[in-house]
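This report introduces the structure shown below to a reader who has not met it before. It begins in the interior and then turns to individual elements and the contact between chains.

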Number of protein chains: 2
Amino acid sequence: MKTHPFDKAIKLAAQDDGTWLGHTSAAYGNMVGPFGGITAAQALNAVLCHPDLLGEPVSLTVNFAAALSDGEFSVQARAARTNRSTQHWIIEMLQAGQTVLTATAVTALRRETWSVDEESMPACPLPDDVPLQKGVAPIEFVKRYELRPIVGGMPEVWDASGHSSLSQLWVRDQPPRALDFASLCAIADIFFPRVFIRRSTHVPVGTVSMTVYFHAGAEQLAKTGDGYLLGQARAQAFRNGFFDQTSQLWSHNGDLLVTTHQVVYYKE
Amino acid sequence: MKTHPFDKAIKLAAQDDGTWLGHTSAAYGNMVGPFGGITAAQALNAVLCHPDLLGEPVSLTVNFAAALSDGEFSVQARAARTNRSTQHWIIEMLQAGQTVLTATAVTALRRETWSVDEESMPACPLPDDVPLQKGVAPIEFVKRYELRPIVGGMPEVWDASGHSSLSQLWVRDQPPRALDFASLCAIADIFFPRVFIRRSTHVPVGTVSMTVYFHAGAEQLAKTGDGYLLGQARAQAFRNGFFDQTSQLWSHNGDLLVTTHQVVYYKE
């Protein structure tokens, strides 16, 4: 079986000093440097592969300190604290001795409890009834996802006509791949910058910090398989060079898998 | 002039090795250990006091690794990366050589740009028309805040009758204090655990990770002064021991100052 490009991209090699060596992936390239979602997944993978790992990801925050250069990077993941059922990780990614990403993660052993989704999946047409996203630019990572925008797709005309930043879309890996924590982490960053949608204006942007809350455990991810996810994103405030983006990802069955937030730099 | 209890609580003493020494504050005590908001503010203060600080806070994530014991703690704040206009911090708080908190922060020089609040302040009665929160328990930190719950206040009867986790409230320091980044950070954690509101049932809880996005700069905070803030919080998912909480804080003038998120452990 051919290795999926995502698995190739997040592959890390253990080093003797306990760090991991990875390589940026041309398949997940963005306009400048790699897609942030793949970098986040690589950082998370250093925890997922760690021999001391306790439980499954509950929370991840990645801070993009610099654009990665094409080539090798090193990742250090340190379990700063291990409790009975939770574990706290500090992660740092370096290139040429310089920090390019900082992150923290919390992993935990989860137990069955009273549960309820308060944020329900919005009513949407089925994936097969929603056309594929039209090519907006020859950006490599976009080809690694099947994107079917329902509302708030990438503007076709940049005419400053936007009035809401809300987007809803169906998304899955392309080619399809069974969902796991790493791929879900990458998909959490799939939403185009809200400032594009709100303003129908193209300005320089870059995610500064992203937080992912994993509500689903491995069993629920397995049930989702390679099915579509429904994604929803909107901004709450755009202010003096930074805006936030608050998003949800549901399984095709309507289970809320992830809630995720980011703060993004923008110019002008 | 008498020092405000908040300023006493977040005070840090510089150590020769570049770390900071602080002390838990009885005035901000919670049921077990200190109020998470004050611990977050102490962690942020290690960045705010740092001689290398560039700009103002844009983003902060704190992970509560263990309940703090009453007494001294040490904080290390390291600028992992300093760019032209942004700076990336890794923060760790220790007691008796053990990590009790991990955190990352991004600070930045902000410039005036096109700006808009997409999430408007909800229509609410004025603070003077909203009665003070009735004493729910003799918890010390609650006395440090003037809380005027509009909807979703702490249940008066724990009868499992809840059906929504939405809360809206007016809040400010008690006694009033001019707002700054540290106090805003603490207030971001003022919302009672959503599981109490949703279930009207008391279960053990503890915040695991909290992220704060600061949309306001120092100038806007100065304009807010010691006026009331309108806070709003709700959960999106409760699942197998963890729920999220997504919140906003507006100035009394209707400016969105902070959007903040947390993931919280709960039992049963």
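## The core around A:C185

Leaving aside neighbours within four places in sequence, A:C185 is in contact with five residues: A:A40, A:A41, A:L44, A:L60 and A:V212. The model is a predicted one. The largest nonpolar core has 156 residues, and A:C185 and B:C185 touch the most other members of that core.

## Helix α2 of chain B

Helix α2 of chain B covers residues 36-48, 13 residues in total. From its first C-alpha to its last, the helix reaches 18 Å, close to the 18 Å expected at 1.5 Å a residue.

Twelve of the 13 residues of α2(B) are buried, so the helix is largely enclosed by the rest of the structure. Among the buried residues are B:G36, B:G37, B:A40, B:A43, B:L44 and B:V47. Polar side chains also appear in this buried list, including B:T39, B:Q42 and B:N45.

## B:A103 in strand β6

One residue that touches helix α2(B) is B:A103, which has B:A43 among its contacts. B:A103 is found in strand β6 (residues 98-108) of chain B. The residue is buried, with 29 other C-beta atoms within 10 Å.

Not counting residues up to four places away in sequence, B:A103 also touches B:L60, B:T61, B:V62, B:N63 and B:I91. B:I91 lies twelve residues away along the chain, yet the C-alpha atoms of B:A103 and B:I91 are separated by 4.9 Å.

## Strand β9 of chain A and its partners

Strand β9 of chain A spans residues 167-173, and six of its seven residues are buried, so the strand is largely enclosed by the rest of the structure. Strand β8 (residues 145-151) of chain A runs antiparallel to β9(A) and is joined to it by six bridges. In this pairing, A:L147 stands opposite A:V171.

Strand β11 (residues 229-234) of chain A also pairs with β9(A) in the antiparallel sense, over five bridges. Here the bridge partner of A:S167 is A:A233.

## Where the chains meet

The contact between the chains takes 52 residues from chain A and 52 residues from chain B. On the side of chain A that touches chain B, strand β14 (residues 256-266) supplies the largest share, five residues. That side of chain A divides into 17 nonpolar, 23 polar and twelve charged residues.

Strand pairing also links the two chains: strand β7 (residues 116-117) of chain A and strand β12 (residues 237-239) of chain B pair in the antiparallel sense over two bridges. In this pairing, A:D117 stands opposite B:A237.

Terms used: Residues are numbered from 1 along each chain as its sequence is written. Chains are lettered from A and ligands numbered from 1 in the order in which they are written. This is a predicted model: local features need pLDDT of at least 70, side-chain atom pairs count only at pLDDT 80 or more; totals for chains, interfaces and linings use all residues. Two residues are in contact if their C-beta atoms, placed from the backbone, lie within 7 Å. Helices (H or I, at least four residues) and strands (E, at least two) are DSSP runs, numbered from the N terminus. Two strands pair if DSSP finds at least two bridges between them. A residue is buried if 20 or more other C-beta atoms lie within 10 Å of its own, exposed if 12 or fewer, and partly exposed in between; C-beta atoms are placed from the backbone. A nonpolar core is a set of buried Ala, Val, Leu, Ile, Met, Phe, Trp, Tyr and Cys residues joined through C-beta atoms within 7 Å. The expected span of a helix is 1.5 Å times one less than its number of residues.
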